[in-house]
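User: I'm new to this one and would like a close look at a single part of it. Could you take me through it slowly, and then show me how it sits in the rest?

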Amino acid sequence: MVSQATSTKSVSTEKIPIVLTGHALQSLRDSGYSLPAALGEVIDNSLEANANNITLHFEESKAKSGKRHIHCITIIDDGDGMELEILQRYLQLGFSTRYMQTDTIGKYGVGAKLAALNYGQRIDVWSRTSEDEPWYHVYFDLEQALEEEQKGETVGIAPPDTEPLPNSILALVPQDSGTIVLWSKVERLEEGKKAPDATALKAEIKHELSRMFRYFLHDGIKICVDGTNLLPHDPLMLMEGTWNNKVLAEYYSPLIESFKRTGNKPDFPLPEVTKKHFPAKRITREGGEVIKIGQSSCKVTITVYPSEVIRKKYETNKKDELTRNLRLEENQGAISFVRLNREINYTTLPKIFGKRIESSHRFIGIEVSFKPELDDFFGVRNVKRGVEPYDDLKVQLRELLSKYIPEAINCINEVWGEVSRQSNEHQGEHYPLLEAVKEANRTMPKSRVKAQVEPEHKERIIEDLARDALPGNDEKKQEERRQYRESIKDLPFVVESVDFPGNLLIDTQHIDGQVIIRINTRHRFYREMWEPLRSIATAPPENISSDEAAKAARRSIEALTLLIIAYGKAESMDENPREHFSELRSDWGKFTDSLMGKVKDVI
Ligand SMILES: Nc1ncnc2c1ncn2[C@@H]1O[C@H](COP(=O)(O)OP(=O)(O)OP(=O)(O)O)[C@@H](O)[C@H]1O
Ligand SMILES: [Mg+2]
């Protein structure tokens, strides 16, 4: 029964606004824009207003800690500007002159507002559509709006006024039409939160925007951040005039000059002439591979970086200046999603990539470009970042990558083979397998070897192995041995085929969790099985007769069976073989099974 008390409560008979503006905007501040993505929203708007020059200006102040942080950001464009009625509505959440269009970057009518409020509490905008007009101004201040709301007043946007432009940016203002967006009361960029300090934050902004807007920058649009004109950064490495080309030219030209002067060469091949463009190789066809989705389609382009970037195999994990400046680590397994020429996501998606991401993948460029018609399939949101393909698109993309990534890896291996031939680098016959085994070993039981090896002794063992693999005493050999020691340092298993006297087929040494195995190349088993199989495996198919291949296969079966018989015979030399060897046999069987399950088609 409804109580008397409830029925006498005063209930408003008027409708109330569905949105409590101040509070809602306060909540919407956490929309999840990164700072470059937020700035990207404003730049998108400038580009759509036909701007040719976009300038980002930051004002910093010192925090109590002594570090500087950004409290004010201005974005200036020389685009078409806004008519008065549009200017006032610029700040209205949901207002767009291209609402839900599919041929523009913007479509939701929220970008300019949410991006700004994500970092600051006040937005000021000045705009004019021609040189003869004054700069008209509108603003929104969240703090003020909350106060007004508290007092029961309606929160809104006042009509444009002629508030003068701030002095600090007068020199940057265009002569003709344009728009100036000022974010102030920026309190979410204190040092430590987004980056250690303002300098790091500005570097990150340049870094991200140069990739996000690479197509516009390449075609001549200027984006100037804190006094620096951005160069495009192309993760496909196909464009000319990019950041990568500049870095490579600066890296190689002094080396080439020094080689011409002194004859001294680094231990990797040098380009013959000073170049300005270091193009990647296309793995997919010119123009990209097309994926059809309903009536629409997207394009996938995959490239392999040039040999000047790939350099030497053993140094893939190197963190040197070139690797850092070319941003190779962030490219490892990354896919760049480009919507209407504007990158909206650059990220690794392991499920689509299909393979476990490895260091060699840093030399592969992958770009998926699409039009807004496919927004649903890519999960595009009003925060134009973090897209991820769905459904059929996801399946098709995964299939395409699983076809082209191995091709790309083959190209990388070819470069490595060529580089090592040119520099006479030792590439042990077992190396590719050892790298794969290293991965497989991560989840296998750990070694139980107790005896500790003294560091000097360990060094001695490794040096002996290096000498076995790379005999010789000249300086070059010593350097090669140094590189060799470096390359095997992190391998749990090192296998070398070496020539040693005696009947031993294999010899093993155990040092600090690392197992060093020498296979005796003088042993009949190696000579009559390994060698013939290897020469068949590495020869071009047209050079091998089927007779020869069949004979080698038969001899291998014999050899494997004899190997097992010889093992049985060796066990029988012990008085109690069951007790002494059954655990060994069981482990051996188990590990062979496990390794064969994880390592496949590496050679
Ligand atoms: N720099 C600018 N120059 C001229 N007009 C602009 C500029 N910035 C914004 N506008 C106008 O203001 C409107 C609102 O911008 P806003 O970014 O909020 O929405 P949008 O770009 O239409 O959609 P989205 O939310 O997808 O970005 C735009 O539709 C455009 O008409
Ligand atoms: Mg927009």
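Are Asp 141 and Arg 122 buried or exposed?

Analyst: Asp 141 is buried, and Arg 122 is buried too. Before going further, keep in mind that this is a predicted model.

Let's stay with that pair for a moment. Their side chains meet in a salt bridge, with 3.4 Å from N to O. The two partners come from distant parts of the chain: Asp 141 belongs to strand β4 (residues 136-141), Arg 122 belongs to strand β3 (residues 122-128), and 19 residues separate them.

Arg 122 has another link worth following, and it leads to Ser 184. If you set aside neighbours within four places in sequence, Ser 184 is in contact with Arg 122, and also with His 71, Cys 72, Gly 120, Gln 121 and Asp 124. You'll find Ser 184 in strand β5 (residues 178-184). Its relative accessibility is 13%, and because buried means under 20%, Ser 184 counts as buried. So around Arg 122 you have a buried salt-bridge partner, Asp 141, plus a contact with Ser 184.

Now for some salt bridges in other settings. The full count is 42, so there are plenty to pick from. Take Arg 285 and Glu 289, whose closest N and O atoms are 3.2 Å apart. Here the two ends get different labels: Arg 285 is exposed at 51% relative accessibility, while Glu 289 is buried at 11%. Salt bridges can also share partners, and in this way Glu 208, Arg 211, Arg 214, Asp 234, Glu 330, Glu 343 and Glu 367 are joined into one network.

Then there's Glu 286, which pairs with Arg 282 in a salt bridge where the closest N and O atoms are 3.7 Å apart. Glu 286 is exposed, with a relative accessible area of 63%. Arg 282, at 31%, is partly exposed.

Arg 385 is another partly exposed residue, with a relative accessibility of 31%. Look for Arg 385 in the loop between α14 (375-378) and α15 (391-422). Leaving out residues up to four places away in sequence, Arg 385 touches Gly 32, Tyr 33, Ser 34, Ala 37 and Ile 344. Gly 40 makes a handy marker here: Gly 40 and Arg 385 are 345 residues apart along the chain, yet their C-alpha atoms are separated by 9.8 Å.

That sort of long-range link shows up in the totals as well. Among contacts between residues at least 6 apart in sequence, 65% join residues at least 24 apart.

Finally, let's step back to the whole chain. Its secondary structure comes to 21 helices and 16 strands. Of its 603 residues, 44% count as buried. The radius of gyration is 33 Å, whereas a compact globule of 603 residues would have one near 25 Å. Along the principal axes, the C-alpha atoms fill a box of roughly 100 × 85 × 55 Å. The accessible surface is about 33000 Å², and 51% of that belongs to carbon and sulfur atoms. As for charge, there are 83 positive and 95 negative side chains, with the centres of the two sets 4 Å apart.

Methods:
Residues numbered from 1 in each chain as written. Chains lettered and ligands numbered in written order. Predicted model: local features only at pLDDT ≥ 70, side-chain atom pairs only at ≥ 80, totals over all residues. Heavy atoms only, no water. Helix = DSSP H or I, 4+ residues; strand = E, 2+ residues; numbered from the N terminus. Rg over C-alpha atoms; globule rule 2.2 N^0.38 Å. Buried < 20%, exposed > 50% of the residue type's maximum accessible area, 1.4 Å probe, protein only. Contact = heavy atoms within 4.5 Å. Areas by Shrake-Rupley, 256 points an atom, 1.4 Å probe, with all protein chains shown as cover. Lys, Arg positive; Asp, Glu negative; His and termini not counted. Charge placed at Lys NZ, Arg CZ, Asp CG, Glu CD. Salt bridge = Lys/Arg side-chain N within 4 Å of Asp/Glu carboxyl O.
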